[in-house]
Structures are given as structure tokens and as C-alpha cells.
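Trainee: I would like to practise reading a model by asking how each label is earned. Could we go through one together?

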Amino acid sequence: MKLKELAIKFNSELSALYDDAESQALFLMALAQLLHIKHHAYLLRKEETLTTSDLAKFEGLLAELVTGKPIQYIFGEAHFFGLSFKVNPEVLIPRPETEELVDWVIQTVHNSPLASGHKRLLDIGTGSGCIAIALKKHLPQFDVTGLDMAASSLAIAQENAELNRVEVEFKWQDILQMQHTKLQEPYAIIVSNPPYITQTEKEGMHQNVLANEPHRALFVSNEKPLVFYEAIANFALLNLGQGGLLFFEINEHLGQETVDLLNHKGFKNIELRKDMQGKDRMVCSRL
Ligand SMILES: C[S@@+](CC[C@H](N)C(=O)[O-])C[C@H]1O[C@@H](n2cnc3c(N)ncnc32)[C@H](O)[C@@H]1O
């Protein structure tokens with residue numbers, strides 16, 4: 001079988017789960033991972049015939065993909081902000097919109113240096129550790145901590161810190177339990193991408209997300225969709241230093257509600273931003 005025929009096979013076998021563009025993206029990821037052929041090289045090599053053993057590798061992969069398993073879990077690897085992260089079904093696969101949040105944090109620090117002194121940064125709901133690790137890589141002057149309620153996620157986050165050669169402290173904590181706790185030392189920045197998908201939105205989601213990614217990372221009740229934002233805002237009121245910054249990734253349908261919540265709590269300079277798809281996706285505010 002030629003490479004270009006394999007591309008067609010991906011489209012037809014995955015058509016029940018993915019549209020053509022998604023299937024092609026999966027094919028190109030598979031090509032890069034299994035044969036180390038990058039996108040531009042594929043265009044030059046698409047007439048090449050696969051060896052029997054290479055074809056068997058792609059067929060094995062397709063057999064897993066048709067079950068709806070995300071390719072990142074199959075390979076155990078995801079890319080985020082130019083870094084490589086180990087992933088398994090205990091952690092959410094890092095998303096491109098979260099890269100935009102990380103970029104906003106870095107640009108904000110570069111453009112408006114925070115008051116001097118001890119610089120501490122906290123990532124709440126760290127999962128794979130992608131936010132905390134990418135920020136430590138680009139803002140090495142900060143002491144970075146990531147917390148999560150799932151010990152299994154923290155084990156992966158720790159491995160990812162080692163993989164990317166950064167020092168990040170990981171803590172096993174439940175933010176809902178500690179929202180009224182004041183710690184000894186304040187943070188300069190708190191950032192979080194907490195669970196924010198409502199039960200109603202869950203019904204319209206892609207089967208491969210529903211069946212494979214950890215529900216504790218994704219979902220909140222219809223009645224209290226901002227439960228994590230309220231808890232994190234309460235925690236930030238007690239634990240951000242003067243002028244400290246709070247960054248959130250948010251549900252695209254709850255931009256104004258999140259702004260109102262922060263306003264009500266007394267945060268200042270609240271800014272709501274859209275992601276590259278034009279959806280309300282992140283908020284920054286200052287204490
Ligand atoms: C949307 S995921 C974000 C993961 C990662 N930060 C990212 O951006 O890809 C939310 C994370 O919050 C964690 N989480 C859920 N409930 C929590 C709680 N009560 N306290 C702390 N972390 C919690 C989940 O385990 C999950 O890792």
C-alpha cells in the first residue's frame with residue numbers, strides 16, 4: 001500500500017467518528033510518530049510503498065482509533081506550548097486554547113513586571129502539569145506550584161516536570177476544601193483552567209472525549225457552573241499579594257457571568273479575552 005492510499009484508508013475507517021480534516025490530522029500525526037515523516041515530507045513521499053511491518057503498525061493504530069481513543073493517549077504523548085508531555089487517561093489532554101492562556105500570562109509578566117520580592121505562582125487543577133511547566137520554562141524567576149485533587153494526575157505532572165527539566169512543586173489538595181484557607185506566603189499569580197463544562201453541554205460532546213478523558217477534569221453541574229471560579233476567587237482574595245494577578249480559562253458561554261463574579265468579589269482591571277476561534281475563553285483580573 002502507498003502512503004497516499006493509507007491516507008484514504010484513515011479517512012474511510014474513521015469517518016464515523018471524525019470529519020475528513022480531523023482524520024487527515026490524525027494520519028499526519030501517525031506518520032510523524034511512527035515513521036518520523038513530517039507534513040511537508042509526506043507530500044514528497046506519498047507515492048512510496050509501506051513495508052509490511054510499517055503497514056501493520058498503522059493497522060494496529062487504526063484499530064485503536066476506531067474505538068474512539070484519542071491518539072495522544074495511544075502514543076502516551078501530547079504537545080503543548082512547544083513542549084512534550086506524557087499523558088494517560090488520568091489527565092486531560094492539553095488543549096490549544098490553554099496555550100493562549102499561558103501566552104497571556106507570559107506577555108503580562110513581560111510587559112508589566114510585578115512588584116519585586118518573592119515571586120510565587122500557583123496553577124490550580126494542574127492535571128498533566130502543562131500550564132505550570134510551560135510557565136516555569138518561560139518565567140524561571142517564579143517559584144511555581146501546581147495543585148490537583150487527583151494524586152494520579154500529580155504523578156504524571158511530576159514526570160512531566162522531570163521530562164522538561166524544570167522544578168515545580170506539586171501538591172495534592174482539593175481547592176473546594178481550601179477556598180477559605182490563608183497560607184503563610186502570598187502568591188503573585190494564580191492561574192487556573194478548572195472544570196467548566198455543564199451537564200447540558202456534555203450531551204453534545206464528541207464521544208471520544210466522553211468515553212476517554214477524566215470526567216472530574218471536565219464537568220460541573222448545571223446548577224453551579226461557576227463553582228470552581230467562586231472557590232478559586234475566594235482563595236485568591238486570601239492568598240494573592242497586593243496587585244496580584246488571577247488568570248482563568250473559562251466556558252465560552254459564561255464570560256459575562258465570570259466577569260460579574262470577579263467584580264462582585266472586588267477584583268479590579270478585569271479583562272475578558274477571546275480565543276483564536278473568536279470565543280470568550282479567558283479572563284485576567286488584579287487584586
Ligand atoms: C480542565 S482540567 C485542567 C488540566 C490542566 N491544567 C490543563 O489545562 O490541561 C481541570 C483539573 O482540575 C482538577 N480538579 C477537579 N476538581 C478539583 C478540586 N476540587 N481541587 C483541585 N483540582 C481539581 C482535575 O483533576 C483536572 O486535573
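**Cores, helices and a ligand shell**

Mentor: Happily. Let us begin with one residue: leaving out residues up to four places away in sequence, Ile-190 touches Leu-122, Ile-124, Ile-232, Ala-236, Leu-240 and Leu-246. Keep in mind that this is a predicted model.

Trainee: Which residues touch the most other members of the largest nonpolar core?

Mentor: Ile-190 does, together with Ile-232 and Phe-247, in a core of 58 residues. Helix H11 (residues 227-239) gives this core its largest share, seven residues. Another core, of eleven residues, lies apart from it and includes Leu-3, Leu-6, Ala-30 and Phe-58.

Trainee: Is there a general reason why nonpolar residues gather like this?

Mentor: In soluble globular proteins, nonpolar side chains tend to be buried together.

Trainee: Let us turn to a helix. How do you know that the span of H6 agrees with its number of residues?

Mentor: Helix H6 covers residues 96-111, which is 16 residues, and at 1.5 Å a residue it should span 22 Å. Its end C-alpha atoms are 23 Å apart, so the two values agree.

Trainee: What makes us say that the buried residues of H6 line one face?

Mentor: The buried residues are Thr-98, Leu-101, Val-102, Val-105 and Val-109. Seen down the axis of H6, they fall within an arc of 95°, so they line one face of the helix. As a reminder, an α-helix has 3.6 residues a turn, so residues three or four places apart point the same way. On the face of H6 turned away from the buried side are the exposed residues Pro-96, Gln-107, His-110 and Asn-111.

Trainee: What covers the buried residues of H6?

Mentor: The cover includes helix H7 (130-138), strand S6 (187-192), strand S9 (240-249) and strand S11 (280-286). Leu-135 is found in helix H7, and it touches Val-102, Val-105, Leu-121 and Val-144, not counting residues up to four places away in sequence.

Trainee: Why is Leu-135 called buried?

Mentor: The cut-off is 20 or more other C-beta atoms within 10 Å. Leu-135 has 26 C-beta neighbours inside 10 Å, so it counts as buried.

Trainee: Does the same reasoning work for H8? What puts its buried residues on the same side?

Mentor: The buried residues of H8 are Ser-153, Leu-154, Ile-156, Ala-157, Asn-160 and Ala-161. They cover an arc of only 160° around the axis, which puts them on the same side of H8. The face turned away from that buried side carries the exposed residues Ala-151 and Glu-162. As for partners, the buried residues of H8 pack against strand S2 (83-86), H7, strand S4 (143-148) and S5. H8 has 13 residues and reaches 18 Å from its first C-alpha to its last, close to the 18 Å expected at 1.5 Å a residue.

Trainee: What is notable just after H8?

Mentor: There Arg-165 takes a positive phi of about 55°, although it is not a glycine. Arg-165 sits in the loop between helix H8 (151-163) and strand S5 (169-172).

Trainee: Why is Arg-165 called exposed?

Mentor: A residue is exposed if 12 or fewer other C-beta atoms lie within 10 Å. Arg-165 has 9 such neighbours, so it counts as exposed. His-36, in the loop between helix H2 (20-35) and helix H3 (39-45), also has a positive phi, near 55°. With 8 C-beta neighbours inside 10 Å, His-36 counts as exposed.

Trainee: And why is Gln-173 called partly exposed?

Mentor: Partly exposed means between the two cut-offs, 12 or fewer and 20 or more. Gln-173 has 15 other C-beta atoms within 10 Å, so partly exposed is the label. Gln-173 is found in the loop between S5 and S6 and touches Leu-147, Met-149 and Met-178, not counting residues up to four places away in sequence.

Trainee: Finally, which residues come nearest to the ligand?

Mentor: Of the 21 residues around the ligand, Gly-125, Gly-127, Met-149, Asn-193 and Ala-217 come nearest. The shell divides into eleven nonpolar, seven polar and three charged residues.

Trainee: What makes Ala-217 buried?

Mentor: The cut-off is 20 or more, and Ala-217 has 20 other C-beta atoms within 10 Å, so it is buried. Ala-217 lies in the loop between helix H10 (207-212) and strand S8 (219-220). Leaving aside neighbours within four places in sequence, Ala-217 is in contact with Leu-92, Gly-127 and Pro-195.

Definitions and conventions: Residues are numbered from 1 along each chain as its sequence is written. This is a predicted model: local features need pLDDT of at least 70, side-chain atom pairs count only at pLDDT 80 or more; totals for chains, interfaces and linings use all residues. A residue is near a molecule or strand if its C-beta atom, placed from the backbone, lies within 6 Å of it. Ala, Val, Leu, Ile, Met, Phe, Trp, Tyr, Cys and Pro count as nonpolar, Asp, Glu, Lys and Arg as charged, and the others, Gly among them, as polar. Helices (H or I, at least four residues) and strands (E, at least two) are DSSP runs, numbered from the N terminus. The expected span of a helix is 1.5 Å times one less than its number of residues. The arc is that of the directions from the helix axis to the C-beta atoms. Two residues are in contact if their C-beta atoms, placed from the backbone, lie within 7 Å. A nonpolar core is a set of buried Ala, Val, Leu, Ile, Met, Phe, Trp, Tyr and Cys residues joined through C-beta atoms within 7 Å.
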